[in-house]
Amino acid sequence: MKLYSTKNNQHQVNFEQALFKGLPPDNGLYMPSEIPQLPATFFAQLPELTLPQIAFEVSKAFLADEIPEQVLEEICNDAFNFDVPVVKVEEQIHALELFHGPTYAFKDFGARFMARAMGYFLKKSGEQIHILVATSGDTGSAVAHGFLGVENIKVSILYPSGKVSPLQEKQLTTAGQNITALEVEGTFDDCQRMVKAAFLDQELSEKCGLSSANSINIARLIPQSLYYFWAYGQLQKEGKPLNVCVPSGNFGNLTGGLFAQKMGLPIKHFIAATNLNDIVPQYLKSGNYQPRPSIATISNAMDVGAPSNFQRMEALFNKDWKAMTSAVSGYAFDDDATRQAMVEVLKHQKYQLDPHGAVGYLALADYLSDRPDEIGVFLETAHPAKFHEVVTATVGKQPEIPTPLLQILDKEKHSLKIPAETEALKKYLQ
Ligand SMILES: *Cc1c(COP(=O)(O)O)cnc(C)c1O
C-alpha cells in the first residue's frame with residue numbers, strides 16, 4: 001500500500017512507515033495513493049458475511065502486499081470478536097451499535113486493529129516504540145486497552161484534566177503496565193497541539209521512537225470503514241436508499257465511511273452531526289473553514305475545534321467544496337436538543353441514546369423528515385453507561401451499567417499532572 005502526504009504528494013511511504021510515523025514530517029496527513037475497488041461479488045455477499053470476514057476482505061485489499069493474508073485473517077478474527085447490532089429505533093431510523101467492544105465505544109475498532117498490526121511489524125523487527133496519544137475521552141481508553149501488555153510498546157496518554165467523565169478517567173488511569181496517563185491542565189486542543197509539536201520535533205521523535213495512535217493514524221481509519229459495509233449488509237433487505245449519519249469530532253469515523261463509499265459501497269448520502277463545535281457543518285454551509293477553540297458540551301468526545309481529519313476529507317473531494325456538499329450534509333445541535341432527544345426516544349421508542357448517539361439521531365431524523373422513501377442508520381458511538389451521569393440526570397433513570405465498568409470505578413487512579421505546555425511534555429519524554 002502506497003500513501004502520500006496531503007501537503008506534498010511527492011512524499012510517499014508504505015503502510016508500515018505510515019503506521020509508525022503517524023504524521024508526515026510536513027504536517028500533512030497520510031492518505032492512500034489509491035483506494036481499492038471491491039468486486040461486485042463482495043457487495044452481493046455482504047448480508048451473509050460476518051464482521052471479521054468483511055474486515056479480512058477490506059483490509060486485504062489495502063494491505064495484502066505488506067501483511068501476509070493469514071496474519072491479516074488472524075488479526076481480524078481477534079480484533080473484531082464482539083457484536084455490532086443494527087437496531088431498529090423507528091420506522092426509517094436504525095442505530096448501528098458500535099459500543100460492544102471492551103471499552104464500550106467505537107474507538108475499540110481502530111485501536112485493536114492498530115495494536116495488532118504494530119505488534120506484527122515490531123515482532124519482525126525487534127524494535128521498541130513509544131505511543132503518544134491525545135484523548136478527549138474514548139480514544140485513550142481504547143488505546144490503553146488495545147495496547148495493554150503489548151511487548152516493545154510504551155504508551156503515554158494525554159487527557160484534559162476535569163474534562164473527561166469520571167468513568168473515562170478511570171479507564172485511562174488504571175490500566176498500569178506499559179500505559180501512563182498524563183493529566184494535562186488544559187483543554188483537549190492543548191493536548192492535541194502538544195502531541196503534534198512533539199512529533200514535529202524530529203530529533204526527539206526519533207530518539208524516543210514516537211508513534212501516534214490518534215485518529216490521524218491511517219491504521220485507525222481502515223478498520224473504521226468496516227462497519228459501514230456491515231450495516232449496509234444488514235439493511236439491504238429493506239430495499240431502500242441508505243443514508244448514514246456520523247456523530248463527529250475529529251471526523252476520523254466519517255472519513256472511514258467515505259473510504260467505504262470510495263471502495264464502492266452504495267451509501268446514498270452522509271450526514272455529519274456535531275454538537276456546538278460545528279466547524280465542519282459551517283464549512284459545508286459557507287465554504288469557509290474556520291477552526292476555533294472548542295466548547296465543552298455533554299457529548300464531550302466530539303468537543304473538537306480543529307478537526308484533525310478535515311484535510312483528508314478535502315483530499316477525498318480534491319478540495320472541491322461543491323463535491324463535498326453533494327456527498328455530505330452537516331447538522332449541529334446544542335445540549336438542550338441533545339437532552340430532549342434522549343428523553344423523547346427513551347419515552348416513545350424505549351431506546352436509550354448516549355449523548356453522542358443522540359446528536360446523530362437528531363441529525364438523521366432531520367435529514368429524513370422530507371425523504372419518506374429512504375432509510376438511515378446513525379452510528380451509536382458509545383454505551384450510555386459510559387456517560388451515565390449525564391444520562392441519569394437527563395432521563396431520571398440510571399442506565400444499566402455493565403459489570404466490567406462497575407469494577408473499574410473501584411480502582412485507584414494513577415496519573416501524572418503536567419501543565420499545558422509543549423516543553424513540559426518534551427521534558428517528560430526525555
Ligand atoms: C471519538 C468519538 C466520537 C467522534 O469521532 P471522530 O472520529 O473523532 O469524529 C464520537 N463519539 C464518541 C463516543 C467518541 O468516542
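Which side chain places an N or O atom 2.8 Å from a nitrogen atom of the ligand? In this predicted model, that side chain belongs to Thr381. The protein buries 98% of the 380 Å² that the ligand exposes when taken alone.

The surroundings of the ligand can be described next. The space that the ligand takes is the largest cavity. Around the ligand there are 15 residues, of which Lys107, Asp138, Gly249, Asn250 and Thr381 come nearest. Sorted by class, this shell comprises 6 nonpolar, 7 polar and 2 charged residues. The backbone also takes part in the contacts with the ligand: a polar backbone atom of Phe251 is 2.8 Å from an oxygen atom of the ligand, and a backbone N or O atom of Asn253 lies 2.9 Å from a ligand oxygen atom. Thr381, by contrast, makes its contact through the side chain, with a nitrogen atom of the ligand as the partner.

Two loop residues deserve attention for their backbone geometry. Tyr104 is not a glycine, and its phi is nevertheless positive, near 65°. Tyr104 is found in the loop that runs between strand 5 (93-97) and helix 5 (107-125). With a relative accessible area of 12%, Tyr104 is buried, because the cut-off for that class is under 20%. Asn152 likewise has a positive phi, of about 70°, without being a glycine. The loop that holds Asn152 joins helix 6 (138-147) and strand 7 (153-160). Its relative accessible area of 26% makes Asn152 partly exposed.

Burial can also be followed along a whole element. How many of the 10 residues of helix 11 are buried? In helix 11 (residues 226-235) the number is 9, and the helix is therefore largely enclosed by the rest of the structure. The buried positions are Leu226, Tyr227, Tyr228, Phe229, Trp230, Ala231, Tyr232, Gly233 and Leu235. An α-helix has 3.6 residues a turn, so residues three or four places apart point the same way.

Gly233, one of the buried residues of helix 11, leads to a part of the chain at some remove in sequence. Leu49 and Gly233 are 184 residues apart in sequence, yet their C-alpha atoms are 8.1 Å apart in space. Leu49 lies in the loop between helix 2 (40-45) and helix 3 (51-63). At a relative accessible area of 14%, Leu49 is buried.

From Leu49 the reader may turn to Gly186. These two residues are 137 positions apart along the chain, and 45 Å separates their C-alpha atoms. Gly186 is found in the loop between strand 8 and helix 8 (188-200), where it is buried with a relative accessible area of 13%. On the other side of strand 8 (179-185), the loop from helix 7 (166-173) contains Thr174. Thr174 counts as buried, at 15% relative accessibility. The side chain of Thr174 reaches the backbone oxygen of Lys170 at 2.6 Å.

Helix 3 offers a further position to examine. Is Lys60, which lies in helix 3, buried or partly exposed? At 22% relative accessibility, Lys60 counts as partly exposed, because the buried class requires a value under 20%. Lys60 and Glu73 are 13 residues apart in sequence, and their C-alpha atoms are 8.6 Å apart in space.

The last stop is Ser299, which lies in the loop between helix 13 (279-286) and helix 14 (310-316). Ser299 has a relative accessible area of 0% and is therefore buried. A distance of 27 Å separates the C-alpha atoms of Ser299 and Asp370, which are 71 residues apart along the chain.

Technical notes
Residues are numbered from 1 along each chain as its sequence is written. This is a predicted model: local features need pLDDT of at least 70, side-chain atom pairs count only at pLDDT 80 or more; totals for chains, interfaces and linings use all residues. Side-chain values use heavy atoms; hydrogens and water are left out. A residue is near a molecule or strand if one of its heavy atoms lies within 4 Å of it. A polar contact is a pair of N or O atoms within 3.5 Å; within protein, one must be able to donate a hydrogen and the other to accept it, and residues adjacent in sequence count only if both atoms are side-chain atoms. Accessible areas come from the Shrake-Rupley method with a 1.4 Å probe; for residues, only the protein chains shown count as cover. On a 1 Å grid over the protein atoms alone, a cavity is a set of points where a 1.4 Å probe fits but cannot get out, and a pocket is an open set with protein on both sides within 12 Å along at least five of seven lines; lining residues have an atom within 4 Å of a point. A molecule sits in a cavity or pocket if more than half of its atoms lie within 2 Å of its grid points. Ala, Val, Leu, Ile, Met, Phe, Trp, Tyr, Cys and Pro count as nonpolar, Asp, Glu, Lys and Arg as charged, and the others, Gly among them, as polar. Helices (H or I, at least four residues) and strands (E, at least two) are DSSP runs, numbered from the N terminus. Buried means under 20% relative accessible area, exposed over 50%, partly exposed in between (1.4 Å probe, protein chains only).
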